Amino acid sequence: MGPKITEGTEGNDANRVHIFDTTLRDGEQSPGISLNTAEKVEIAQQLVRLGVDVIEAGFPIASPGDFEAVEAIAKRVEGPVICGLARTHKADIDAAWGAVKHSERPRIHTFVSTSDIHIEHQLRTDREDVKGQARAAVSLAKSYCEDVEFSPMDATRADLEYTAEVIAIAVEEGATTINVADTVGYTTPEEYAEMWRRFYELVPGLSEVETSVHCHDDLGLAVANSYAGIGAGARQVECAINGLGERAGNCSLEEIVMLIRVREDVHGFSTGVNSREIARTSRLVSRLTGYPVQPNKAIVGRNAFAHESGIHQDGVLKERSTYEIMDATEVGLESNSIVLGKHSGRHALRDALEQLGFKVEGNALNSAFKAFKEVADRKKQVTALDLEAIVSDEMRERSDAHELASFEVEAGTGREPRAKVVITMPSGEEAVGESGGDGPIDAVFRAIQMATGTESELRQYTVDSVTEGEDALGEVTVMLRTDGFLAVLAAGVALSHGGRLRRPLRNRPLMPRVLRVSARIERYTWLVVLVLLGTLVASIDYKWWMLGYAAVLILLIRPLAVRLGLGGVNMPEAQWRSVAGFTARGTASLYCLAFSINHGLGAPYARLLAGVTLVVVVTSIIASTISGLPLSRPSPGTVDL
């Protein structure tokens, strides 16, 4: 029993399967993924090139940022239906409409649970109230938008007859798409197909609307269950790039699309997806979300078309079809002929990017060209994969970014690794941090914490190769837990050094601010000392200022020896600078006391100078001491950023 072809998802015949992509909504709910508006728009534009029918752009009521992203996609992305998710609450539906109404093809997707587990424990209501919620929600959504989708959540664990009643209400109120969700990945292909057959029998008019499947992969059956639903009559598949989604993820878009394409001889179904864009879409989503694709992932994994066995290699070399059921070029894995070098100009770069589907002009082109030149100076050839990595890294929003301006790392056998970093803050100001650590990378992260005054727990740190060869581009991804949430905090592409922290780093309430003030004071410690000495020279007996200049010379000897490599000094320079700064502040405090005592406590200017200097210096000493002593360092396994 095929569905009615609705205006929102036009098709050529009853066997056309519509692809509903939920990467930007359910996919983003994967732990640690947090895409900004520009990244979501970039993915949505790539989904247009891929040829999906519906883009579920987000959950507008969830946050102002989510609303903004859905609204931006609705305004800027043309072609597919742009859908916003909403619970049955009026505020949700109002927000969804407010975000998607700018699209030429808007859709509101509303849902409510029909399983007794959810009704009793999550909704804390009863079956009759759920029916009323479904009726009111679909009616309200329909008053805003002609294209309305309704989903009974957790339907595969619900009473089938009751769920059929709720679906019937939604159809009666004007829903144009009915989506039956296997929310927790519980069902099996046989059960799911039989459920659909029963729904067609029990729900009047169900065959007259679009029917949809939404399956999770908790038991590894998301693709199989979705395929079973299509066989039972559904003509929309809700899926996500790389199978992203809650817990074990959703039905993988690339897998269900290629299953339909490769086995069309068996079922006769088809989609409107341009399969040659699959690999590039997968790479883009992986890069922006920080979720790497497992090497043996079907269709898009690095090993999907690789052969290690000698027997297999022999067969493929003689005839590809002996061990490959599809050609790698069908999913866009062919070696692209685009090759640029360091002598290629701006026009050549723009043409190459247009061939890849990127329309880059103005400042964005200038930024991409600058990054391209930096890479081309170090690589003999810049390939299509290189260009993808460069452009997707350069085209993101960075107005609130922290940038790693420079870093120094000292490490060796028998000595504690130490690192110094310079971070360019969103305000443009530079902050410096120094720290030791359990290893060089740990030291770098702790130094970043000292510079930015933020705290997070490092959960994952990965370095992957974007392209091949000794001069390959590398991609670094950092996943942090901060304030109880996982976040992919850093993902940058570089040849050998440098990277960008793309997310704003949150400040700790008090201590980090003190540390930042202390760090700034440290920069001017020597200036403070010299000013005091100048005052002392004009006001105190020659014995005092001779002693002062001798102290300054003593404090400078070790740092200079370290920097010049003289005398076999091997203590880390940063450590000696810290010792020197501490001693200088202490010396300055003593000078102030001596100055006050020498001239008498009644001298107003002496008392004022001594008091101000003492407050500044003592505060700096306390903060520096607390932050620098071994007892105050973060415990192993945590990194403050």
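E416 is partly exposed, with a relative accessible area of 33%. In this predicted model, E416 forms a salt bridge with R418, and the closest N and O atoms of the pair lie 3.6 Å apart. R418 has a relative accessibility of 17% and counts as buried, because the cut-off for burial is under 20%. The bridge thus pairs a partly exposed glutamate with a buried arginine.

The protein as a whole gives the setting for this pair. Its 641 residues include 51% that count as buried. The secondary structure comprises 21 helices and 17 strands. Among contacts with a separation of 6 or more, 67% are made by residues 24 or more positions apart. Salt bridges number 30 in total.

Several of these bridges were examined individually. R157 and D154 meet through their side chains in a salt bridge, with an N to O distance of 3.0 Å. D154 is buried, at 0% relative accessibility. R157 is partly exposed, at 31%. As with R418 and E416, one partner is buried and the other partly exposed; here the buried residue is the aspartate, D154, whereas in the other pair it is the arginine, R418.

A further bridge joins E330 to R261, with the closest N and O atoms 3.1 Å apart. This pair connects distant parts of the chain, its members being 69 residues apart. E330 lies in the loop between helix 12 (310-318) and strand 9 (339-340). R261 belongs to helix 9 (residues 253-262). Both residues count as partly exposed: E330 has a relative accessibility of 21%, and R261 has a relative accessible area of 41%. The value for E330 falls in the partly exposed class because only residues under 20% count as buried. Salt bridges also form a network, in which R25, D26 and E56 are linked.

Helix 9, which carries R261, also packs against helix 8 (residues 222-231). The axes of the two helices come within 10 Å and cross at roughly 45 degrees. Helix 8 and helix 9 are therefore oblique to each other. Their crossing is right-handed. Helix 8 contributes V223, S226, Y227 and I230 to the contact, and helix 9 contributes E255, I256, L259 and I260. By class, this contact has six nonpolar residues, one polar and one charged.

Two other helix pairs were described in the same terms. Two packed helices are described by the angle between their axes and the distance between the axes. Helix 1 (residues 37-50) packs on helix 2 (residues 64-76) at an angle of about 35 degrees, and the axes are 9 Å apart. The crossing of helix 1 and helix 2 is right-handed. On the helix 1 side, the residues in contact are T37, K40, V41 and A44. They meet G65, D66, E68, A69, A72, I73 and R76 of helix 2. The contact of helix 1 with helix 2 has five nonpolar, two polar and four charged residues.

The axes of helix 3 (residues 90-100) and helix 5 (residues 127-144) come within 10 Å, crossing at roughly 25 degrees. That angle makes helix 3 roughly parallel to helix 5, because angles under 35 degrees fall in that class. Helix 3 passes helix 5 in a right-handed crossing. K90, I93, D94 and W97 of helix 3 meet A137, L140, A141 and Y144 of helix 5. This contact has six nonpolar and two charged residues, with no polar residue.

Attention then turned to a proline in a loop. P292 is placed in the loop between helix 11 (278-289) and helix 12. Its relative accessible area is 48%, and P292 counts as partly exposed. P292 touches S286 and D464, when residues up to four places away in sequence are not counted. P292 and D464 are 172 residues apart along the chain. Their C-alpha atoms are separated by 8.6 Å.

How values were computed. Residues are numbered from 1 along each chain as its sequence is written. This is a predicted model: local features need pLDDT of at least 70, side-chain atom pairs count only at pLDDT 80 or more; totals for chains, interfaces and linings use all residues. Side-chain values use heavy atoms; hydrogens and water are left out. A salt bridge is a side-chain nitrogen of Lys or Arg within 4 Å of a carboxyl oxygen of Asp or Glu. Buried means under 20% relative accessible area, exposed over 50%, partly exposed in between (1.4 Å probe, protein chains only). Helices (H or I, at least four residues) and strands (E, at least two) are DSSP runs, numbered from the N terminus. Axes are lines fitted to C-alpha atoms, for helices over the stretch in contact, and angles run from 0 to 180 degrees between N-to-C directions. Angles under 35 degrees count as roughly parallel, over 145 as roughly antiparallel, 65 to 115 as roughly perpendicular and the rest as oblique. A crossing is left-handed if the near helix is turned anticlockwise from the far one by less than a right angle, and right-handed if clockwise. Contact means heavy atoms within 4.5 Å. Ala, Val, Leu, Ile, Met, Phe, Trp, Tyr, Cys and Pro count as nonpolar, Asp, Glu, Lys and Arg as charged, and the others, Gly among them, as polar.
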